[in-house]
Amino acid sequence: MLKLLGSLELVVDGSQVALGGVKQRSLLAYLVLRAGEPVSIGILVDAAWGDDAPDGAVRSLRTYVSNLRSLLGSSVDLKGEHGAYRLTSHTLDTDLDLFRRRVVEANSAHSPHEIRLLLEPALELWRGPFLSDIDRAWVVEEASILEVERQRAVAQWAEAAIADDAPEIVIPVVARMASEAPLDERLNGLLMRALYFSGRQSDALGVYRRLRSGLAEELGVEPGAELKNLEEQILLHDPSMAGAEPRWLMPAPASELVGRSVEIEDLLVRTQQSRLLTLTGPGGVGKTRLAVEVGRRIMKSGDEPVFFADLAAVRDESAVDAVLASSAGVQPHPDTGPLAGLIQYLRPRTTVLIVDNCEHLGGTVARSIAALVHGCPDLTIIATSRSPLHIDGEFEWRTPSLALPDGPDGSLDVIARWPAVSLLLQRAPSSFQATDDNIADVIDLCRSLDGLPLALEVAAARLGSMTPTEILATLGSHLYLKRAGPVDGSRHATLDATIGWSFELLPNDSRELMICLGVMNGRFVLEDVLSVCGSEVESTEGMREQLSDLVDRSLVMAETSGTRTRYRLLETIRRFCLRQLDDNEAALRERHANHFAGVAEVQGRRLLAREEGEAIGELSSAYDNLRSAISWAMETGNTDAASRIVAALPDGGYWRSRVELSGWARWVWENETPDHPLWQAVCGSAARGAWMESRFDDAVRFADGAGAATGTVGAMSGHPDDVLADIALYRGDARTALDHYARVADKAAESGDLTREVWATYYVAVTNAVLGRPSEAVAAAKRTLAGAREMGNPTSLAFALYASGLAVKHERPVEAIVMFEESVQKADSVDNDWFRGIARMELASVKATHGDLDSAFKDFAGVVDHWHRTGDDTQLRHTWRYLVRALNDVGLRDEAAVLSGALLADPGSTLTHPHPQVLKNLEEALGGAQFTRLTVRGSIMSIPELVSVSLDAIDDALAR
């Protein structure tokens with residue numbers, strides 16, 4: 001065993017063997033690290049002597065090689081060949097190889113306990129810094145790379161130990177590492193979690209305070225959004241800290257579900273019996289809350305993923321399919337549209353889709369749901385609507401009100417357990433208490449409200465200032481409407497009457513504020529209300545107090561789990577408010593559109609800064625309002641507001657699988673004129689959207705439309721001339737792309753535009769790598785990485801690390817793997833789908849080329865699924881190009897030939913064509929006739945068919 005993780009040691013049969021002086025040890029270590037590769041004598045001299053090699057270094061080198069042959073004996077073969085030496089290991093193992101094998105095994109483990117058992121002995125192999133007794137420049141460089149590997153393994157072990165209920169063992173290890181890197185947010189986050197789960201909440205919060213202070217003093221920045229959220233979770237003892245809950249793809253419930261245990265069990269059974277379950281009933285009966293709880297139970301059981309599509313904020317029926325696709329993160333495939341893309345993605349999968357608030361979209365949503373049911377045999381849909389959708393196979397589940405007691409018979413405790421009474425009492429202010437004297441009135445109040453959950457919550461909010469008798473008296477005149485019509489009509493009238501009654505009790509300024517809030521969709525914050533509704537109330541002073549009062553009255557919902565309070569209206573209340581709007585509606589909606597255009601611009605700029613993660617959070621929260629704003633702008637022809645939104649959002653939309661932005665940008669491009677100050681940015685946004693959808697001809701048309709227009713383009717990915725260069729690159733003209741980005745980088749450097757310089761230099765590195773110019777690629781990658789670190793922007797760091805890995809992947813694959821993995825991590829931290837995908841794609845390719853086939857094929861499967869889901873056929877083909885080589889290497893040549901045929905059938909993207917030598921190998925192995933048959937078959941297959949072929953081939957490769 002040769003030990004490298006610490007001082008260099010050779011142990012044979014339990015005894016340590018002397019390895020000579022530092023030059024001989026350096027030579028051995030360098031040759032072992034590059035085992036199997038010829039290393040020139042000049043490089044070996046540099047490795048052994050550094051910059052101080054004497055004239056007789058080559059002669060001395062031969063002596064050292066001879067000594068090493070004697071020391072190592074038959075365990076290695078050390079031969080000279082053509083001015084180089086090659087070391088081939090027979091039985092010599094190293095602690096570094098053993099460490100890496102254990103890490104790979106841990107990556108495939110299925111439980112935190114298994115990961116711990118694999119990583120603990122792996123980490124014990126580290127006796128100190130890599131080759132701590134050899135002082136050479138190459139050792140320092142290699143040690144920095146390996147230290148990143150070690151830290152990642154420690155972090156993985158720590159996560160596993162915390163999940164395995166052993167946080168105490170994590171604390172001393174991570175605390176020591178955090179003391180050496182006091183501003184490392186990931187290490188400090190791990191330490192905070194370990195301390196918290198060890199019962200040391202105050203110590204965990206102390207770590208956060210020290211980190212925040214250090215970041216402010218050293219860098220002038222705040223901790224990232226993830227650390228801020230972790231601090232809040234610790235402060236609030238958030239139960240989700242345990243990590244047992246699955247990742248939510250639907251809204252988290254704001255409060256405990258009361259009195260619905262029987263209904264939940266029934267619905268869970270129904271989802272096993274029917275593929276389309278529609279929860280019907282009037283607004284406020286709790287359809288959404290029930291559907292969310294059923295989804296939560298399904299997700300918690302781990303049976304299948306659950307997606308949630310909320311149609312409440314959709315005003316334009318043409319947007320329905322896009323919202324449905326967005327719920328699963330699916331982008332439309334070229335020429336098919338979002339619904340077809342969603343069907344293609346879901347067809348082979350067992351999933352659940354919840355579609356909420358269907359009633360106001362007529363037959364459009366019914367047709368889309370019917371298409372999903374018929375096209376996806378293993379999909380279950382849970383819909384909520386005030387009436388059934390009338391689709392074949394639909395099971396209508398009429399949502400009941402909460403159960404009520406017949407009368408005041410029984411003890412107070414027994415009566416309080418009835419669901420309707422329980423909800424009323426739970427939502428009432430703490431100053432109200434049910435007693436034997438008032439329980440009969442409490443029951444009458446619940447009965448008068450038909451047990452409707454929302455009506456009960458609205459009435460309960462008044463119990464702090466009114467008795468049940470007083471509420472019954474003042475509410476009574478509003479409830480006569482419920483006597484007429486069917487049961488659901490009666491309940492709807494009851495709810496409307498209850499909301500109207502509570503609305504009339506509000507002061508004038510609060511009523512006006514409530515009406516204004518009707519134009520808000522989804523979540524909003526105080527600043528949104530001040531901007532949109534400020535002139536609609538007597539004074540903006542005390543706006544927060546007014547909102548708090550409306551929250552207390554259950555007319556506005558508040559979410560306080562994040563870094564700031566976010567408000568929303570239940571859809572039933574929002575529609576009530578909209579009905580109160582008068583002739584001021586047009587002016588109000590224009591203010592709403594202009595305000596959220598401003599939000600898009602502000603957050604779009606923040607996407608280029610250190611606070612990118614926070615900006616994405618703000619944009620995600622505002623997205624329903626952005627959709628509503630641009631929908632109104634398109635309806636009324638307000639191209640100015642729409643231009644502002646599509647010009648601001650390329651980095652927030654196209655890199656985050658927002659399927660609608662491309663259509664919005666196309667509409668603006670078709671309806672705006674080139675004299676608009678944002679015309680160049682509009683052309684860039686439309687072109688980038690078409691490029692992401694692989695519609696290169698449309699992208700060229702949109703980009704060319706910019707002509708000689710001038711103006712500011714704020715988005716990093718939104719320059720129309722960049723899109724033209726990208727198309728040239730994918731069509732095989734890397735030289736044109738390089739010339740363009742080199743000019744842009746030089747110009748940006750002269751003007752001091754660091755963001756533009758980093759982006760352009762990234763492409764200089766990528767295009768040089770494509771052209772086979774590694775030294776130029778490495779130089780550009782170093783420049784873009786230095787600039788990205790100065791910016792501190794996570795996406796910039798992600799693409800700079802990606803470019804760095806691309807530049808060295810052939811010469812230094814281990815280093816490239818580390819860089820690609822770090823790129824994935826940076827992209828993940830800000831939900832950047834696109835850069836996460838391309839980094840994982842290259843990671844899989846390098847692993848496959850250098851023998852880590854199991855891990856590579858697992859990565860390939862994830863990347864194929866990722867590009868298929870996001871609708872990026874260009875990157876899907878790029879992945880298949882790498883996969884073809886890997887399948888050929890493991891003998892799955894039929895599948896490789898089919899995929900090759902599909903790639904060759906696209907003459908417009910030569911960058912994704914298989915390598916000529918791989919094609920030659922396939923044809924020789926299969927024979928000309930069989931190779932031709934298979935490639936022709938691939939050339940006529942659809943994208944979903946090719947996805948199925950590639951995933952099946954990956955399964956076969958993993959089974960070998």
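In this predicted model, Asp733 sits in the loop that joins H33 to helix H34 (734-751). Asp733 is partly exposed, since its relative accessible area is 33%, a value that falls between the 20% limit for buried residues and the 50% limit for exposed ones. Val646 lies 87 residues away from Asp733 along the chain, and the C-alpha atoms of the two are separated by 29 Å.

From this loop it is convenient to step back to the chain as a whole. The secondary structure comprises 45 helices and 13 strands. Along the principal axes, the C-alpha trace spans about 105 × 60 × 55 Å. For 960 residues, a compact globule would be expected to have a radius of gyration near 30 Å, and the 32 Å found for the chain agrees with that. Of these 960 residues, 55% count as buried. The accessible surface of the chain amounts to about 39300 Å², and carbon and sulfur atoms hold 49% of this area. Among contacts with a sequence separation of 6 or more, 69% are between residues 24 or more positions apart.

Helix H33 (720-730), which precedes the loop of Asp733, also contributes to a pocket. The second largest pocket encloses about 810 Å³ of space. Its lining is made up of 40 residues, and those closest to the centre of the pocket are Lys809, His810, Glu842, Arg881 and Tyr882. Two or more lining residues come from each of H33, helix H35 (754-770), helix H36 (774-791), helix H37 (794-808), helix H39 (833-849) and helix H41 (873-889). Sorted by class, the lining of this pocket contains 24 nonpolar, 8 polar and 8 charged residues.

Enclosed space was examined as well. The model contains 2 cavities of 30 Å³ or more, and the largest cavity holds about 80 Å³. Residues that line the largest cavity include Gln331, Tyr654, Ser657, Met692 and Glu693. Further along the chain, Asp833, Trp834, His866, Trp867, Thr870, Gly871 and Asp872 are also among its lining residues. H39, already met in the lining of the second largest pocket, and helix H40 (853-870) each provide at least two residues to the lining of the largest cavity. The biggest share comes from H40, which gives 3 residues. The lining of the largest cavity consists of 4 nonpolar, 5 polar and 3 charged residues.

A view of helix packing is offered by helix H30 (residues 661-671). Its buried residues are Leu661, Ser662, Trp664, Ala665, Trp667, Val668 and Trp669. These buried residues pack against five neighbours: helix H27 (612-636), helix H28 (639-648), helix H29 (650-653), helix H31 (679-692) and helix H32 (696-704).

Burial is also found in loops. Asn521 is located in the loop between helix H22 (508-517) and helix H23 (526-533), and its relative accessible area of 1% makes it buried. Leaving aside residues up to four places away in sequence, Asn521 touches Ala312, Ala313, Arg574, Asp624, Asn625 and Ser628. Asn521 is 376 residues from Ala897 in sequence, and the C-alpha atoms of this pair are 50 Å apart in space.

Towards the end of the numbering, Ala953 belongs to helix H45 (residues 943-959). Ala953 has a relative accessible area of 1% and is therefore buried. Its contacts, not counting residues up to four places away in sequence, are with Leu887, Leu892 and Glu895. Leu71 and Ala953 are separated by 882 residues in sequence and by 46 Å from C-alpha to C-alpha.

Two residues deserve a look for their backbone angles. Leu131 is not a glycine, yet its phi is positive, at about 45°. This residue occupies the loop between helix H5 (112-124) and helix H6 (137-163). Leu131 counts as buried because its relative accessibility is 1%. Asn357, likewise not a glycine, has a positive phi of about 65°. The loop that holds Asn357 runs between strand E9 (351-356) and helix H15 (362-375). With a relative accessibility of 11%, Asn357 counts as buried, given that the limit for this class is under 20%.

Terms used
Residues are numbered from 1 along each chain as its sequence is written. This is a predicted model: local features need pLDDT of at least 70, side-chain atom pairs count only at pLDDT 80 or more; totals for chains, interfaces and linings use all residues. Side-chain values use heavy atoms; hydrogens and water are left out. On a 1 Å grid over the protein atoms alone, a cavity is a set of points where a 1.4 Å probe fits but cannot get out, and a pocket is an open set with protein on both sides within 12 Å along at least five of seven lines; lining residues have an atom within 4 Å of a point. Grid points are joined across faces, edges and corners, and a volume is the space filled by probe spheres set on the points. Helices (H or I, at least four residues) and strands (E, at least two) are DSSP runs, numbered from the N terminus. Ala, Val, Leu, Ile, Met, Phe, Trp, Tyr, Cys and Pro count as nonpolar, Asp, Glu, Lys and Arg as charged, and the others, Gly among them, as polar. The radius of gyration is taken over C-alpha atoms; the globule rule is 2.2 Å times the number of residues to the power 0.38. Buried means under 20% relative accessible area, exposed over 50%, partly exposed in between (1.4 Å probe, protein chains only). Contact means heavy atoms within 4.5 Å. Accessible areas come from the Shrake-Rupley method with a 1.4 Å probe; for residues, only the protein chains shown count as cover.
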